[in-house]
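Trainee: Could you take me through one small part of this protein closely, and then show me how it fits with the rest? I would love one connected explanation.

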Amino acid sequence: MKKKRTRLIMLIIIVAALLLGYYAVSKLTKEPEASEETNDSETLLTQIDKESVYEISYNYENESVTLKREGDEWKSADDINFPLDQSYPEAMITAVQNVMSQEIVKDPKELSEYGLSSPWMTINLKSADKTDTFEIGSLSGFLNKYYMLYNKDKSTVLTFNQASVEAFSHKLYSMVAGDKLPAINNFKTFSVKTDDKSIELVFDKEASALGEWFKAEDKEKQSPLDNTKVKEFIQNLTSLSLSNCIAYGAGEKELATYGLTDPGATISVTYAPTEEKEESFTFLLGDKGDDGYYARVAGSGFVYKVDVAAAEALMSAEYEGLKPDND
């Protein structure tokens with residue numbers, strides 16, 4: 001009897017602890033409550049004349065970015081020579097041209113409940129007749145929108161669309177008008193040369209219905225390689241992203257600091273974009289940095305960091321790994 005009573009007491013204690021824990025977690029994760037004064041639907045907060053905007057400034061991931069319009073061209077205020085991709089400022093203005101917003105609460109007791117005591121992003125757009133300021137706070141999981149203060153008015157918490165925030169979620173160097181890897185198809189040759197080895201492949205579309213890859217030294221085309229394995233190998237290059245630009249206009253001295261005057265690997269491609277036209281493309285891999293390999297397109301002054309796994313797969317490949325399994 002005593003044992004049953006002890007078990008019952010322990011069970012009551014456990015249940016009470018679980019209920020207390022649930023209450024604590026629900027209090028911590030609970031969405032801030034809207035006041036009775038709030039609107040349930042979005043209304044037009046502001047309209048911005050796209051053509052009259054002459055300055056955009058915002059902060060993102062501890063970086064402040066200011067873009068200024070000079071005539072028909074947008075430029076970085078901190079580096080007027082920076083090759084800015086003009087599609088980015090155009091997309092930013094479009095994202096806030098007609099701002100629809102929902103009023104969440106009037107006279108909030110604690111702005112910190114909405115991530116607005118210290119907004120993580122502040123967006124400013126200067127136009128000919130006004131300045132629009134959007135201070136962005138926490139993301140509401142329930143609304144799928146960010147909390148926002150408009151024009152520094154702390155008396156009203158509003159909403160701001162995720163897509164609009166995403167339009168400003170770019171550091172300066174991620175908006176560079178840099179090199180683009182060509183959409184390579186109809187390969188003819190593919191080679192990778194490092195200090196200690198070389199892989200040279202040629203494609204013969206007449207060798208079979210789908211064509212076959214061979215070692216360049218296999219002049220008689222006697223030993224075709226595995227097409228699937230070669231395709232996967234080449235995809236290490238074609239899938240590379242050149243979005244992480246770290247320098248532009250780099251000269252020989254700067255390129256040398258990245259190991260790009262004497263590259264660790266040279267990848268060369270010839271391909272036929274049309275039946276009548278043949279083009280070539282050369283990509284260089286330099287030193288390994290903290291989170292990627294330094295790389296550039298041959299002849300370009302743009303320097304990028306690219307994926308470690310893809311770069312090392314290109315540099316470490318062997319002919320043996322490209323042969324059919326039954327060889």
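Mentor: Let's start with Asn62, which is exposed, because its relative accessibility is 89% and the cut-off for that word is over 50%. Please keep in mind that the model is predicted. Asn62 sits in the loop between strand 2 (55-60) and strand 3 (63-70). Its backbone deserves a look too: phi is positive, about 65°, although Asn62 is not a glycine.

You can compare this with another loop. Lys221 also has a positive phi, near 55°, and is a residue other than glycine. Find Lys221 in the loop between strand 13 (212-215) and helix 4 (227-238). Lys221 counts as partly exposed because its relative accessible area is 34%, and that class runs between 20% and 50%.

Now go back to the strands on either side of Asn62, strand 2 and strand 3. Both belong to an open sheet of 8 strands, in the order 4-3-2-7-8-9-10-6, with antiparallel pairing. At the edges are strand 4 (73-76) and strand 6 (103-106), each of which pairs on one side only. From one strand to the next, the twist averages 25°. Further along in that order, strand 9 (residues 145-150) pairs with strand 10 (residues 156-161) in the antiparallel sense, over 4 bridges. To see one pair of facing residues, look at Met148, which stands opposite Leu158 in strand 10.

Another group of strands is worth following in the viewer. Strand 11 (residues 187-194) pairs with strand 15 (residues 265-274) in the antiparallel sense over 7 bridges. Here Val192 stands opposite Ile267 in strand 15. Strand 11 also pairs with strand 12 (residues 198-204), again antiparallel, over 5 bridges. These two are joined by a hairpin through 3 residues, and Lys193 has Ser198 in strand 12 as its bridge partner.

Ile267 leads us on to the inside of the protein, since it is one of the residues that Phe283 touches. Among the others are Leu181, Leu237, Leu240, Ala295, Val297 and Val306, and residues up to four places away in sequence are left out of that list. Phe283 belongs to the largest nonpolar core, a group of 65 residues. Together with Ile56, Phe134, Phe160, Phe168 and Phe190, Phe283 is among those that touch the most other members.

Helix 4, which follows the loop of Lys221, holds Asn236. Asn236 is buried, because its relative accessible area is 18% and the cut-off is under 20%. A polar atom of the Asn236 side chain lies 3.4 Å from the backbone oxygen of Glu232. Beyond residues up to four places away in sequence, Asn236 touches Ala310, Ala313 and Leu314.

Finally, step back to the whole protein. There are 6 helices and 18 strands, and buried residues make up 39% of the 327 residues. Among contacts between residues at least 6 apart in sequence, 59% join residues at least 24 apart. The accessible surface comes to about 18,900 Å², and carbon and sulfur atoms account for 49% of that.

Definitions and conventions:
Residues numbered from 1 in each chain as written. Predicted model: local features only at pLDDT ≥ 70, side-chain atom pairs only at ≥ 80, totals over all residues. Heavy atoms only, no water. Pairing = 2+ DSSP bridges. Axes fitted to C-alpha atoms, helices over the stretch in contact; angles between N-to-C directions. Buried < 20%, exposed > 50% of the residue type's maximum accessible area, 1.4 Å probe, protein only. Contact = heavy atoms within 4.5 Å. Areas by Shrake-Rupley, 256 points an atom, 1.4 Å probe, with all protein chains shown as cover. Core = buried A, V, L, I, M, F, W, Y, C linked by side-chain atoms within 4.5 Å. Polar contact = N/O pair within 3.5 Å; in protein donor to acceptor, adjacent residues only side chain to side chain.
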